[in-house]
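Trainee: I am new to this structure and should like to go through it with you. Could we begin with how its helices meet?

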Amino acid sequence: MKFSDGYWKLKPGVTAAHPVEVREITEGPGSLVVHAPAHAVRHRGDLLKGPLITVALSAPRPDVIKVEVTHFAGERERGPRFAVDDGEPGGEVSREDGAVVLTSGNLSVRVREDAWRVEFVAAGEVLTSSAGKGLGFLTVDGVHHVREQLNLGVGDSVYGLGERFGPLVRNGQQVDSWNADGGTATEQAYKNIPFYLTDAGYGVFVNHPGRVSFEVASEVTSKVQFSVEGQSLEYFVVYGPTPKDVLRTYTALTGRPAMPPAWSFGLWLSTSFTTSYDERTVTGFIDGMAGRDLPLSVFHFDCFWMRELHWCDFTWDPVAFPDPAGMLARLKARGLRVSVWINPYIAQRSALFAEGVAGGYLLRKPGGDVWQGDEWQPGMALVDFTNPAAREWYAANLAVLLEQGVDCFKTDFGERIPTDVVYHDGSDPERMHNYYTYLYNETVFELLRERGDAVVFARSATAGSQRFPVHWGGDCEATYEAMAESLRGGLSLGMAGFGFWSHDIGGFEGTPSAALFKRWIAFGLLSSHSRLHGSHSYRVPWLFDEEAVDVLRRFTKLKARLMPYLAQVARQAVAEGVPMMRAMVLEFPDDPACTHLERQYMLGESLLVAPVFSDDGAVSYYVPDGCWTDLLTGRKVRGPRWIHDHRGFLELPVLVRPDTVLPLGAVDSRPDYAYADGVTLCLYELSEGTRTTTVGDTVFVTHRRGDHVRIETPEPPADWQILLVGVGTVSAVTGGAVEPTEAGAVVRPAGGAVTLRIEG
């Protein structure tokens, strides 16, 4: 939201008050409270008027400064609030050079004792600051707002703010944090997160679940501005120094993802949305996949598993699926998991509508009537998840499906949440608009967690929703442009601590060409989670061409073999809040060439993936410093440099980072298996030193010193081996046998340790 008309003037109807000088600083245990009048105090008469800006500073955990800005403190407490883990508050207060300083770990906030200026400092450098007319109270046509402006240094780039589909670097953009069902081609977003990450050593989390308006180097080109309606504003400055460090600390505040079950990393196949399907259709698809040697892990039933106009009643359509329990048992006997579509809306024709009205489980208008609308389902109402009884009721209906044999749910929608409603617990409707999805997905996820494996396929999200994986990118078109915007959205969401993300392979709206479908398959199977899904057309590969079958087979099997590595990356996402799919700047923040890269990504720290966005296979990508190796071809390329290449449909650039020990599994038919049995440790351009590789419960330690390499494990798995990629000669082996191959030297250890002497 812009308040100014150019640099000098405010817009008509806008009045502003900004802190001018510091009148008093109150010190508390590890905290400061700053009182700053919005005018110069020349005599006692100037103390008889306001406003007075109150800024409370505290240290909720190391490397984090919490800032609370207040005008009128008597404003009613309005829920909901994000679940923020403040940890063990601490901080030390000191004085230096006419300023009061609060230090939290390696981050300090310095407040001058005269003219208004607040600086956030780390490693002796000012990261960002608020001064002049940055902070303030602004009234727009009688509506009160609190605004902050934090300085951006020359060359500083801003990322994040949720799953956004425009340019990855947010500089120059206006972003309103307000969930909307807007597809992937506009400025709207399903997953708005009021957190931005910079490449300047810090991030900022605005602790407000309602609408937050961000102006990122847009209203003022040297500042990030954020504002909210009301009398107060709370935000956290989070120090790194690296972007991954910032994410680790931010997710310690707002939560880290649970570990999805191993089977969820395999291929998901959907009925698609408005297509015609019944059990015969489903069986035909599954038979077709099995007959073509296409590994399938999950089958998904989209909306029309229920009767038309009854969404949601959680009851199978008796015409299309007359024996749901038997059908699910038959699918499970084939080793498949089952997902079904749900949303939080109850149509008027649903048998649950009357139950919801009688039980008080549905959102109501201020006058007491149930809120209803005709968009999506005629007469639909919304479940009030602030009511504990409503959550139990909703979960109990889902539990019946779990008893039948359903394994997980696609938790669709959750964005179209009205504000002219009354919540059971008195929550503010404006603040609940974005937060609703948190309660919705939490309800479903916790039910699944109680039963064992827990995974959802969620479209909407807010801060903290990363706790409930997986999230997918929403309704994109079947075009290369939409494929690219989907990737931008996923990388952007990862910069808010969302570890697991997926997208509709081939695009949702429309039917992709065979070429686009094959290109998207390769991208999809090199994503955290992989799903074939469309709107009005099926996504089984043989409907496109026979090569699409070959492409799907190749990349589904490749992902299965990569699972020992991907499981490592997933564990890091759970433990640290660092996403599996990473924008290049996350891994290479000191390489200026990576600042704006948005058509390639790192899958974990060791694999660079560059999807192909053209029929003819033309692809350009950047290779950072070092000698990288193409996983699929074995070719080596030395960076830093740009590569302009052409790839067939059975290929895309997947480069292995130098100094990598990449574990490849022995199974290519499923994602869930004993990863250590028969594992191949692939050694790429090892440098001096020691590195640890965890495969399942087995730990391998690899040492290199000069031309000697030693690999050891205390509990050697069956049939493990080592591939020295691109190494032609091993002059000596102790503890195993060596065999030359086209890919490099293969070493088969006799026990739990082997020492090699390599040449070349």
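Mentor: In α5, residues R391, Y394, A395, L398, A399, L402 and E403 are in contact with L439, Y440, E442, T443, V444, L447, L448 and R451 of α6 (contact means heavy atoms within 4.5 Å; helices are DSSP runs of H or I with at least four residues, strands are runs of E with at least two, and both are numbered from the N terminus).

Trainee: How many residues of that contact are nonpolar, polar and charged?

Mentor: The contact of α5 with α6 has 10 nonpolar, 1 polar and 4 charged residues. Ala, Val, Leu, Ile, Met, Phe, Trp, Tyr, Cys and Pro count as nonpolar, Asp, Glu, Lys and Arg as charged, and the others, Gly among them, as polar.

Trainee: Is this model predicted, and what are the conventions?

Mentor: It is a predicted model, where local features need pLDDT of at least 70, side-chain atom pairs count only at pLDDT 80 or more, and totals for chains, interfaces and linings use all residues. Residues are numbered from 1 along each chain as its sequence is written, and side-chain values use heavy atoms, leaving out hydrogens and water.

Trainee: Now the sheet: what is the strand order?

Mentor: The order is β8-β9-β10-β11-β12 in an open sheet of 5 strands with antiparallel pairing (two strands pair if DSSP finds at least two bridges between them).

Trainee: Which strands stand at the edges?

Mentor: β8 (92–96) and β12 (125–131) do; each has a single partner strand, so one side of each lacks a neighbour in the sheet.

Trainee: And how many bridges join β11 to β12?

Mentor: Strand β11 (residues 117–122) is joined to the antiparallel β12 by 6 bridges. R117 has A131 in β12 as its bridge partner.
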